[in-house]
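Thank you all for coming; I would like to take a few minutes to walk through one structure with you, going element by element. Please have the sequence and the view in front of you as I speak.

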Amino acid sequence: MKEQIKKLANYIPEEPLASVKQRLGLKKLVRLSANENPFGTSDKVEAAVKNWNFAEGNRYPDGDATDLRRAVAEKLQVSQAQLVFGVGLDEIITMISRIFLQPGDQVIQTSPTFSEYALHAQIEGAQVIDVPCDPTTGKHDLSALLAQITDKTRLIWVCNPNNPTGAYTSVVDLTKFLAEVPQKVLVVIDEAYIDYVTQNSAPSAIPLVQQFSNAVVLRTFSKAYGLANYRVGYAYADPKIVSYLQSVRLPYNLNSLTQTAALAALADQSFVASSVSQTAKERENWANFFQEQQVKFFPSQANFMFFYYPGALSLADYLLHHGFQLRKGLQQDWLRLTISGAAEGAELRKLMLNYRK
């Protein structure tokens, strides 16, 4: 066994909702801890899945995800050959780490950010360099990230909007940043929540891949498209990087049912627009609430809010026993809540006010 594996803590998945409800004697439990789409999944996805040809269940799926590849390329206006699909972004993150990292290498990331970046760096024996986010905005401190680059640096992770802070970094700032990063350092821009950005009409870093060969952009169907259970993610990168990713990608990684669901979801942009619109309105309600209550939070452009509350674990426990599960353990005295529908949001804010009395 690799020595670094012995030091890893096992990932503990969230307890199933039904189990939590039974354990706590709850009639209702709203999970706002996993950044899932609270508005469900497109009806077109349900119809497509029900019409899937189950007679093909004994056959391997299209290993190249041909139809999905074509549809995504058309939607993004990019080359089909520059796309790599994975079982959620988890598989893509795993592949990138496996290819580009080895013991002694360094990985730079913002703190806090998505935990899987560091996990896979550790698995490969690389050192993780954490750079604190801007304490006011929660944004990536791009200058500080640049200052940490050494001859050992191989990879920089930029989650945008960042999870868990929700802060968005503009394409203009990312362009300036990439211009300063050495070509030998890969910059991976994880846009899992990019669909929720409303402050900019063209928020994605997709165009930067043509300008910087060391830039990779990641996308997922798990959030705004409501396909978290189907596990579909993809990377857009320079052809040379794509060839590396394809060389380690497991064959037939996306099953046919998953590809069918993703195709249907991509075709229903009205569902995505509705999810984003409802989220943006409720996100503003939360920002106003936190400001009125003088609760520190980071301005979010994602489908979640990250806020500071002394004794946060007690608050989280109170809310859990009243039917709302928030994400804890990301940073001391901070909680992350997934933005829900308006009615649930109003109910949760009322509970928080009652807790403060």
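Let me begin with a question: in which helix does Glu347 lie? Glu347 belongs to helix H14, which covers residues 342-356, and I should say at once that what we are looking at is a predicted model. Is Glu347 buried, partly exposed or exposed? With a relative accessibility of 34%, Glu347 counts as partly exposed, because the partly exposed class takes in whatever falls between the 20% limit for buried and the 50% limit for exposed. If you now look for Thr153, you will find that 194 residues separate Glu347 from Thr153 in sequence, while their C-alpha atoms are 47 Å apart in space.

From there I would like to turn to strand S5, residues 153-159. Six of the seven residues of S5 are buried, so this strand is largely enclosed by the rest of the structure. S5 pairs with strand S3 in the parallel sense, over three bridges, and within that pairing Val107 has Leu155 of S5 as its bridge partner. S5 also runs parallel to strand S6, residues 186-190, and five bridges join S5 to S6. Leu155 appears here once more, since Leu155 stands opposite Leu186 in S6. Between S5 and S6 the chain passes through helix H8, and the β-α-β crossover made in this way is right-handed.

The loops after S3 and S5 bring us to the peptide bonds. Which residues does the cis peptide bond with omega of about 0° join? That bond joins Ser111 and Pro112, and Pro112 sits in the loop that runs between strand S3, residues 106-111, and helix H6, residues 115-123. A cis peptide bond is also found from Asn160 to Pro161, where omega is near -5°, and Pro161 is in the loop between S5 and helix H8, residues 171-180.

While we are on backbone geometry, there are two residues other than glycine whose positive phi values I would like you to note. Asn35 has phi near 55° and lies in the loop between strand S1, residues 30-32, and helix H3, residues 43-50; at 1% relative accessibility, Asn35 counts as buried. Arg231 has phi near 60° and lies in the loop between S7 and strand S8, residues 233-236; at 28% relative accessibility, Arg231 counts as partly exposed.

Next, a word on helix H5, which spans residues 88-100. H5 has 13 residues and reaches 19 Å from its first C-alpha to its last, which is close to the 18 Å expected at 1.5 Å a residue. The buried residues of H5 include Glu91, along with Ile92, Ile93, Met95 and Phe100.

Further along the chain there is strand S9, residues 304-308, which is mostly covered, with four of its five residues buried. S9 pairs with strand S11, residues 334-338, in the antiparallel sense over five bridges, and Phe306 stands opposite Arg336 in S11.

Finally, let us consider the empty space. Rolling a probe the size of a water molecule over the atoms shows where such space is left. How many residues line the second largest pocket? Its lining is made up of 18 residues, and those nearest its centre are Lys75, Leu76, Ile194, Asp195 and Arg219. Two elements give two or more residues to this lining, namely helix H4, residues 66-76, and strand S7, residues 215-220, and H4 gives the most, with three residues. The volume of the second largest pocket is about 330 Å³, and its lining divides by class into 12 nonpolar, three polar and three charged residues.

As for enclosed space, the count comes to one cavity of 30 Å³ or more, and the largest cavity holds about 30 Å³. Its lining consists of Gly63, Asp64, Ala65, Arg69, Phe85, Arg249, Asn253 and Leu254, which by class are three nonpolar, two polar and three charged residues.

Technical notes:
Residues are numbered from 1 along each chain as its sequence is written. This is a predicted model: local features need pLDDT of at least 70, side-chain atom pairs count only at pLDDT 80 or more; totals for chains, interfaces and linings use all residues. Side-chain values use heavy atoms; hydrogens and water are left out. On a 1 Å grid over the protein atoms alone, a cavity is a set of points where a 1.4 Å probe fits but cannot get out, and a pocket is an open set with protein on both sides within 12 Å along at least five of seven lines; lining residues have an atom within 4 Å of a point. Grid points are joined across faces, edges and corners, and a volume is the space filled by probe spheres set on the points. Ala, Val, Leu, Ile, Met, Phe, Trp, Tyr, Cys and Pro count as nonpolar, Asp, Glu, Lys and Arg as charged, and the others, Gly among them, as polar. Buried means under 20% relative accessible area, exposed over 50%, partly exposed in between (1.4 Å probe, protein chains only). The expected span of a helix is 1.5 Å times one less than its number of residues. Two strands pair if DSSP finds at least two bridges between them. A crossover is right-handed if, with the strands pointing away from the viewer, the path from the first strand over the helix to the second runs clockwise.
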